[in-house]
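Good morning, and thank you for the time. I should like to take you through one part of a structure, beginning with a single helix and ending with a metal site.

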Amino acid sequence: MNQRANGRRGRVHVLVVEDEQTIVELLRIGLTYEGYHVAVARDGRTGLELADKGDFDLLILDLMLPDLDGLKVCRRLRMRGNDIPIIMLTARKEIADRVAGLDMGADDYITKPFSFEELVARVRAVLRRRGNTGEPTVLRAAGLILDLETHEVRRGDEPIDLTPTEFALLELFMRHPRRVYTRDTLLNRVWGLDYEGDANVVDVHVSNLRRKIGDRERRLIRTVYGLGYSFRPEGEEKGGDEQTVE
Ligand code: CA
């Protein structure tokens, strides 16, 4: 159980230890937007020092780091009795290392390249497992029920069978109702930064998602012309006022 988070509802403090600038920015911007407080260390030694002070609820730790690699940071923290939840970042070729990471006491690992939604899902899962929930495990809107633990979606009593991509899209929409997402943002958030396909893939998946959740009239997932898509569970009457575009 995490002492810090209990006295400080909602705001979870994440320390990112990573030297790769694009990933640092992806995590900093994305996690801040999701409501986390984010601090960054760019080498292992600084990361270890900061994590040791106990001011963080979660550590996202890259494997390959200057000064002190992620495995050593992880092992030293555990040897000192520090039980901060740790998610290791590893490159695809470092499979043996990531297994070693779990042996060293990491809670989970994620393989680069990853999409932000994948990462944030792991973050939530690790925090939930450690009892640091601070957030609902079930999202509800417009008769839709999305269960983050079982990965099941229902409309009323009726189960809806979604692909992982459709699930990630719906989760993003339900977490941020009324927000307008451009296709590029959805590509980055759901498919990942290194996705190199056509942006039309977003339209195809949104279309399939609408069909499956019974939104044939496109009132729930709105097309915002010239911009992208927006989830509007309260219906169209309230439209027109402030909207945030991403
Ligand atoms: Ca690195």
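**Helix α8 and its surroundings**

The buried residues of α8 pack against α2 (21-33), α6 (116-129), α7 (164-175), β10 (180-182), α9 (200-212) and β12 (228-231). Contact here means heavy atoms within 4.5 Å. Helices (H or I, at least four residues) and strands (E, at least two) are DSSP runs, numbered from the N terminus.

Before continuing, I should say that this is a predicted model, in which local features need pLDDT of at least 70 and side-chain atom pairs count only at pLDDT 80 or more, while totals for chains, interfaces and linings use all residues. Residues are numbered from 1 along each chain as its sequence is written, and side-chain values use heavy atoms, with hydrogens and water left out.

Which residues of α8 are buried? In this helix, residues 183-191, they are T185, L186, L187, R189, V190 and W191. Buried means under 20% relative accessible area, exposed over 50%, and partly exposed in between, with a 1.4 Å probe and protein chains only. After α8 comes G192, with a positive phi near 110°.

Let me turn to the sheet. Three strands form an open sheet in the order β10-β12-β11, with antiparallel pairing. Its edge strands are β10 and β11 (221-224), each of which pairs on one side only. From one strand to the next, the twist averages 30°. Two strands pair if DSSP finds at least two bridges between them. For β10 and β12 there are 3 bridges, and T182 stands opposite G228. For β11 and β12 there are 4 bridges; R222 is opposite S230, and T223 has Y229 as its bridge partner. β11 and β12 also form a hairpin with 3 residues between them, where G226 in the turn has a positive phi of about 80°.

Two helices lie across these strands. α7 crosses β10, β11 and β12, running at about 65° to β12, whereas α9 lies across β11 and β12 and runs at about 145° to β11. For these angles, axes are lines fitted to C-alpha atoms, for helices over the stretch in contact, and angles run from 0 to 180 degrees between N-to-C directions.

Next, the core. A nonpolar core is a set of buried Ala, Val, Leu, Ile, Met, Phe, Trp, Tyr and Cys residues joined through side-chain atoms within 4.5 Å. Of the 29 residues in the largest one, L170 and F173 touch the most other members. Two or more residues each come from β6 (138-141), β7 (144-147), α7, α8, α9 and β12. α7 gives the most, with 7 residues. Not counting residues up to four places away in sequence, L170 touches L144, L146, V153, L162, L209 and I213.

Finally, the calcium ion. Its protein donors are D19 (OD), D62 (OD) and M64 (O), lying 2.0 to 2.3 Å from the ion. D19 lies in the loop between β1 (13-17) and α2 and D62 in strand β3 (residues 58-62), so the pair ties together parts that are 43 residues apart in sequence. Donors are N, O and S atoms within 2.8 Å of the metal (3.2 Å for Na, K and Ca); water is not among the atoms, so sites may look incomplete. Is D19 buried or partly exposed? D19 counts as partly exposed, at 37% relative accessibility, while D62 is buried at 4% relative accessible area.
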